[in-house]
Amino acid sequence: AQVTLPCRVNSCTAELCGAAWETTTIKRKGMSGNGMFQLMSGIVGSTGDATGRMEKFTELVRSLVDQHDVQQLKDLVDCMLAEESSFALFARPVLQQVAEQMEKLKNSELKELARHTLDRLRGRVVSFEEEDFVMRELLSEVFQAEGDWAEAAKCLAAINLESGTRCRTPLQKAEKYVKIAELYLEDDDPVAADTFCSRAAMVMHEVNDTPLLLRYRVCHARVLDSKRKFLEAASKYCDLSQQTFGGQICEADLLQLLKCAVTCAILAPAGPQRSRILASLCKDERIRAVEHFEILQKMFMERLIRGSEVHKFEDGLLPHQKATGPDGSTVLERAVLQHNVLAASRVYKNMRLPQLGHLLEVSPEHAEKIAAKMIAEKRLAGFIDQKSGVIHFEGGGDDLQQWDRHIRNVCTQVNSVLSKIKDQSAMKDG
């Protein structure tokens, strides 16, 4: 129902409006909405001083917030934002007061009031940009406290940072984009997280805030991890784990980054790039303190990994790291099978496909498919003779001979040192 109420205005307001009397149409919401309109009309008619009116409106907002009277606050917002409202002159400063004071409300009350106000501001955000910004930040914090990561991210994502009346600094933009990306990652939405991580990357070169730069780099690594780009993620995590940023990162966090690097390196496809990352990780002095060091060491030493070790490692993986591929195998199973093929190539010059399948604990057909794909991607040197059912490996024997030569050279040098020590001892005794 619609109700039309007359409102007395003073001469100052009359000059602005062009009449001493005006009519304002508002939606009737029972006695509370009607009462709020009359109360606000009384404030406008009580004094001709705009500053005095604003002080009274500010006192009204504070009083309602202190009383936790959400319904009256909603009525106040409705009166301020009603079309052809007689209070339009005070709408922006009063809503600014509401935005500043509403953090004193309980989470449920703040959520109700913020949603109501943002709904009324829809389509008019350009005129109330700062108020919209503050309310969305507060509402996002409430959603985070409730564990509703998706809504918290959407709430911040709706803030217009690129255009508008207020110019945001690169630091402000980067902080918000990184925060949104982190929230989407908590909600297991790597696609949306990647979008905002990319936006952050466009302004990061203008940011000198070290903690924010670190958050961005960790966020980027997590995006790669969530999108199952484990080789790139392992490289990013590994680089981060070896930097201290002037002591601004605690040792526990660095160790956690190292653990993430180990997990991603194990899940990464076998090949020369992964071998380099494994070598870098195994050189780290802290690596023995990391869980699953044994399976990492076996991969670095190119030893065969058995199914029992795989199951133990799988228990600690995140849901996206247990994803199943088109062939029905998990990311971990595929990575371990490829590693075992590579390990076999270091020991054998050739093998029958049934023997390779037995070694990998899969069917000969599956073993052939895995090996063929690795050869095609140049991650394995060799060829398959399908007629005879034999796979031939190239380079494995040469590597072993070179390893033997290295050992022989080391032993020769040790013997030479011992001989010199004996000669020196003999000279002293003489």
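**Helix H14 and the salt bridges around it**

The buried residues of H14 are covered by elements that include helix H12 (230-241), helix H13 (251-267), H15 and helix H17 (331-347), where contact means heavy atoms within 4.5 Å, and helices (H or I, at least four residues) and strands (E, at least two) are DSSP runs numbered from the N terminus. This is a predicted model, in which local features need pLDDT of at least 70 and side-chain atom pairs count only at pLDDT 80 or more, while totals for chains, interfaces and linings use all residues. Residues are numbered from 1 along each chain as its sequence is written, and side-chain values use heavy atoms, with hydrogens and water left out.

In H14 itself, Arg274, Ile277, Leu278, Ala279 and Leu281 are buried, a word that stands for under 20% relative accessible area, with exposed meaning over 50% and partly exposed in between (1.4 Å probe, protein chains only). The end C-alpha atoms of H14 are 17 Å apart, which agrees with the 16 Å that its 12 residues should span at 1.5 Å a residue, the expected span being 1.5 Å times one less than the number of residues.

The loop between helix H14 (272-283) and helix H15 (293-300) holds histidine 292, whose phi is near 70 degrees, a positive value in a residue other than glycine; histidine 292 counts as buried because its relative accessibility is 15%. Lysine 378, in the loop between helix H19 (364-376) and strand S4 (382-385), also is not a glycine and has a positive phi of about 60 degrees, but lysine 378 counts as exposed at 73% relative accessibility.

The loop between H14 and H15 also takes part in a salt bridge, that is, a side-chain nitrogen of Lys or Arg within 4 Å of a carboxyl oxygen of Asp or Glu. Here the side chains of arginine 286 and glutamate 251 meet at 3.6 Å, N to O. Arginine 286 lies in that loop and glutamate 251 in helix H13, so the pair ties together parts that are 35 residues apart in sequence. Arginine 286 counts as buried at 18% relative accessibility, whereas glutamate 251 is partly exposed at 49%.

Across the whole structure, a search finds 18 salt bridges. One of them joins lysine 74 to glutamate 112, with the closest N and O atoms 3.0 Å apart; because lysine 74 lies in helix H4 (residues 70-81) and glutamate 112 in helix H6 (residues 107-121), this pair ties together parts that are 38 residues apart in sequence. Elsewhere, Glu137, Glu175, Lys176, Glu182 and Arg215 are linked in a network of salt bridges.
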